[in-house]
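Here's a quick briefing to read alongside the model, sorted by topic. Have the viewer open while you go through it.

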Amino acid sequence: MRKLVVLSFISLDGVMQAPGAPEEDTSGGFKYGGWTVPFFDKNSISNMLEQMSMPFDLLLGRKTYDIFASYWPHQTGPIADPFNATTKYVVSGSSPKLQWKNSVLVEGDVVAKIKQLKKDDGPMLQVHGSGNMIQTLLKNDLVDELWLKTYPVILGKGKKLFAEGTMPAGFELTDSKTTPSGIIFANYKRAGDVETGSFD
């Protein structure tokens, strides 16, 4: 069984919308697109390349797929090359024509099909962006690991990583690093139910 790993850029208040460019996703009047860019440094790039150095397939929502498919096929390098070569599983309810090489449409009973993908042989399934789809994954306890990059900024509004309907779940910290610019790289793996207690 292969792992499903969510890799997200998030602000201190949990916003994940449009981290990479001003026009990436302006839905809901979001005006802070590209909010991660001022914090990037050599340490950030090194940590991100490490996360992408292992075999993986991509599981993407339609909006993120469209953004990626308009950019990455025209690029080369340590991020572009694995993105272009790997299988891209695309969750959509509109039966789009997928032009990016090695793209596979996931439609119908999405939860059942993702469960089957996890049971199939293959590398880990990495989820980048895909905020709406992540909500479905979290509601159905399909996320095995969270690889979060938390930035020292508060955005006030925007699409949240953990929105309404997220299922309560326990996670265990497996790795953490902090860059000089203040980005916290923290990896968590699924670890049972939420535990409670008392200080009395």
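This is a predicted model. Its largest nonpolar core has 23 residues, and those with the most contacts inside it are L4, V6, L59, I114, V127 and L137. β1, β3, α4, β5, α5 and β6 each put at least two residues into this core. There's also a second, separate core of 15 residues, with V5, M52, L58 and W72 among them.

**Around helix α5**

- Helix α5 covers residues 131–139, and its buried residues are G131, M133, I134, Q135, L137 and L138.
- If you've wondered why such positions can share a side, an α-helix has 3.6 residues a turn, so residues three or four places apart point the same way.
- The cover over the buried residues of α5 includes three strands from earlier in the chain, β1 (4–10), β2 (56–61) and β3 (88–91), plus α4 (110–119) and β5 (124–128).
- L137 is a good residue to click on: leaving out residues up to four places away in sequence, L137 touches L4, V6, L59, I114, V127, L142 and V143.
- Just past the end of α5, D141 takes a positive phi of about 55 degrees.

**Backbone oddities**

- Most residues other than glycine have a negative phi, and most peptide bonds are trans.
- D141 goes against that habit with its positive phi near 55 degrees, and D141 sits in the loop between α5 and β6.
- With a relative accessible area of 35%, D141 is partly exposed, because that value falls between the 20% and 50% cut-offs.
- A18 has a positive phi too, near 45 degrees, and isn't a glycine either.
- You'll find A18 in the loop between β1 and α1, where A18 counts as buried at 4% relative accessibility.

**Pockets**

- The largest pocket holds about 1100 Å³ of space.
- Its lining runs to 37 residues, and the closest to the pocket's centre are F9, P19, G20, E24 and F68.
- The elements giving two or more residues to that lining are β1, α1 (42–51), α2 (62–69) and α5.
- Which element gives the most to the lining of the largest pocket? That's α2, with five residues.
- By class, the lining of the largest pocket splits into 19 nonpolar, twelve polar and six charged residues.
- The second largest pocket has about 150 Å³ of space.
- N47, E50, Q51, M54, W147, D175, S176, K177, F185, A186 and N187 line the second largest pocket.
- α1, β7 (171–178) and β8 (184–190) each supply at least two residues of that lining.
- The lining of the second largest pocket has four nonpolar, four polar and three charged residues.

**Aromatic pairs**

- A pair of aromatic rings is described by the distance of the centres and the angle of the planes.
- The structure holds nine aromatic pairs.
- In the pair W35 and Y151, the ring centres are 5.6 Å apart and the planes are at 85 degrees, so this pair is edge-to-face.
- W35 lies in the loop between β1 and α1, and Y151 in the loop between β6 and β7, so the pair ties together parts 116 residues apart in sequence.
- W35 counts as buried at 6% relative accessibility, and Y151 is buried with a relative accessible area of 0%.
- F56 and F83 make another edge-to-face pair, at 6.1 Å centre to centre with 80 degrees between the planes.
- F56 is in strand β2 and F83 is in helix α3 (residues 80–85), so the pair ties together parts that are 27 residues apart in sequence.
- Both F56 and F83 are buried.
- F56 and F83 also belong to one aromatic cluster, together with F68, Y71 and W72.

**A look at T150**

- T150 is found in strand β6 (residues 145–150).
- Is T150 buried or exposed? Its relative accessible area is 19%, so T150 counts as buried, because the cut-off is under 20%.
- Not counting residues up to four places away in sequence, T150 touches I10, S11 and L12 as well as G182, I183 and I184.

Notes
Residues are numbered from 1 along each chain as its sequence is written. This is a predicted model: local features need pLDDT of at least 70, side-chain atom pairs count only at pLDDT 80 or more; totals for chains, interfaces and linings use all residues. Side-chain values use heavy atoms; hydrogens and water are left out. Buried means under 20% relative accessible area, exposed over 50%, partly exposed in between (1.4 Å probe, protein chains only). Helices (H or I, at least four residues) and strands (E, at least two) are DSSP runs, numbered from the N terminus. Contact means heavy atoms within 4.5 Å. On a 1 Å grid over the protein atoms alone, a cavity is a set of points where a 1.4 Å probe fits but cannot get out, and a pocket is an open set with protein on both sides within 12 Å along at least five of seven lines; lining residues have an atom within 4 Å of a point. Grid points are joined across faces, edges and corners, and a volume is the space filled by probe spheres set on the points. Ala, Val, Leu, Ile, Met, Phe, Trp, Tyr, Cys and Pro count as nonpolar, Asp, Glu, Lys and Arg as charged, and the others, Gly among them, as polar. A nonpolar core is a set of buried Ala, Val, Leu, Ile, Met, Phe, Trp, Tyr and Cys residues joined through side-chain atoms within 4.5 Å. Rings of Phe, Tyr and Trp (its six-membered ring) pair if their centres lie within 6.5 Å; planes under 30 degrees apart count as stacked, over 60 as edge-to-face and the rest as tilted.
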